[in-house]
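Please find below a note on the model under review. The comments are set out as numbered points.

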Amino acid sequence: MSQYRAIRGMVDVLPDETPLWQMLEQTARDVLAAHGYAEIRTPIVESTELFARSIGEVTDIVEKEMYSFPDRNDDSLSLRPEGTASTVRAAVQHNLIQSPQRVWYMGPMFRYERPQKGRQRQFHQLGVETFGVAGPEQDAELLLMCRQWWTRLGINDVLTLELNTIGSPEARASYKAALTDYLRDHFDSLDEDSQRRLDTNPLRILDSKSVTTQAILDDAPSMAEYLDEESQRHHERLCQLLDMAGLTYTSNPRLVRGLDYYNKTVFEWTTDKLGAQATVCGGGRYDMMVGQFGGKATPASGFAAGLERLVLLMQTLNLDAIAAPDLYIVSSDENAFGQAMLEADRIRVEFPGLGVVQHLGGGSFKSQFKRADKSGAAWAMVFGAEEMVSGKVTLKALRANEEQMTLSREELDVFLGQLEQLTNEY
Ligand code: ATP
Ligand code: MG
């Protein structure tokens, strides 16, 4: 074994997995484009303060998960743990929010967590952010767009939308006070984590994993009693739009999300197929953040999906993608190899939709065919001694049960045209 290993929690995606990743990413790009969302690319490193202020000083991410370091100028920088802060920073910096915006980003995020299935230290998110629409129709559009993505991936049936509203900052503050009062009376029965959070971030206690804490919460005051009228109307209209679209959801009054910046709508898409790492996508509204970053007060809402968890889910459902060439070209000797190389080159120009792999490194026909088979190619294309004389080529089906064919160049082009069309239908 080599002396170097990848850093703990940072994972290599190997060639047999990348086709599934690419399919996931391409499907996302297609769905986003179909909804009028444009890509934004921000740096992976930002000032530590940017994340601390927006995500919240007393959140798990900022308290213990950030990769922060002083640069050579002694400025504190951090690898981004999520994408919303950077996107808002860029939107304010470049005046993007003068009119409504719909943007997305995709890329690596970094959090120092305990690595396990579906939880890494470098992981990948697809994030979507929208600016300028205050109404619930924006939230509805985001959720419908998610559903389209899940449907194209074939995972819609195993995902549940959990929905909640956490109201205005004022409503949340009075609810926070009431919840804190109630929980203080039960302090000794709370789990250790929740005891610690009572003074720093009591709302996070709502999603505590401890069974005893959850039992105490059964009689706790509920957010609904403290909700402001506007947030309530917002939520009712959102539910109405989702109902109209036939998008079913589960109301989860204890859903609060781990980041401080949300208000009104919050949601998570969860699955029971991935064990403890059940949330594949989460988001909500964050109407205060743009103003907090020095921009003109602008409503905003968005979500982020975890790509590793989506890949795991698709693998669990056997929805694997494979990338196999259409043609694998074998040749009998140096002379035939040269001819085959020119022909491969020509085919790639004239039939750009086809995947054409030429065997390199020589060897017997038998060993070349073994490699052709292993490549997953549909057809082997043979340049042997006979073909050199006749000027024709032989095609052997490697997957389907079809007759071997020896074709002239004209016949070959007709065949390749049909093959290309067939390939493009998938
Ligand atoms: P969790 O509760 O699982 O820690 P989170 O609330 O911290 O998730 P968000 O910050 O909302 O997660 O990020 C959105 C999505 O990104 C998550 O729903 C998840 O799919 C994915 N994600 C978050 N952290 C990780 C990680 N360490 N490894 C892999 N995926 C992650
Ligand atoms: Mg987390």
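The points below take up the basis of the model, the ligand site and one sheet with its helices.

1. This is a predicted model, in which local features need pLDDT of at least 70, side-chain atom pairs count only at pLDDT 80 or more, and totals for chains, interfaces and linings use all residues. Residues are numbered from 1 along each chain as its sequence is written, and side-chain values use heavy atoms, with hydrogens and water left out.

2. Around ligand 1 there are 15 residues (a heavy atom within 4 Å), of which R111, E113, R119, Q120 and R257 come nearest. The shell divides into 5 nonpolar, 5 polar and 5 charged residues, with Gly counted as polar. Strand β10 (279–285) is one of the strands that supply at least two residues, and β10 gives the most, with 3.

3. Oxygen atoms of ligand 1 lie 2.8 Å from a polar side-chain atom of R119 and 2.7 Å from one of R257. A backbone N or O atom of G306 lies 3.4 Å from an oxygen atom of ligand 1. The protein covers 86% of the 580 Å² of accessible area that ligand 1 has on its own (Shrake-Rupley method, 1.4 Å probe).

4. An open sheet of 5 strands follows the order β13-β12-β14-β15-β16, with mixed pairing (at least two DSSP bridges between two strands). Because β13 (356–358) and β16 (405–407) stand at the edges with a single partner strand each, one side of each is left without a neighbour in the sheet.

5. Strands β14 and β15 pair in the antiparallel sense over 4 bridges; K396 in β15 is the bridge partner of A380.

Methods
Chains lettered and ligands numbered in written order. Polar contact = N/O pair within 3.5 Å; in protein donor to acceptor, adjacent residues only side chain to side chain.
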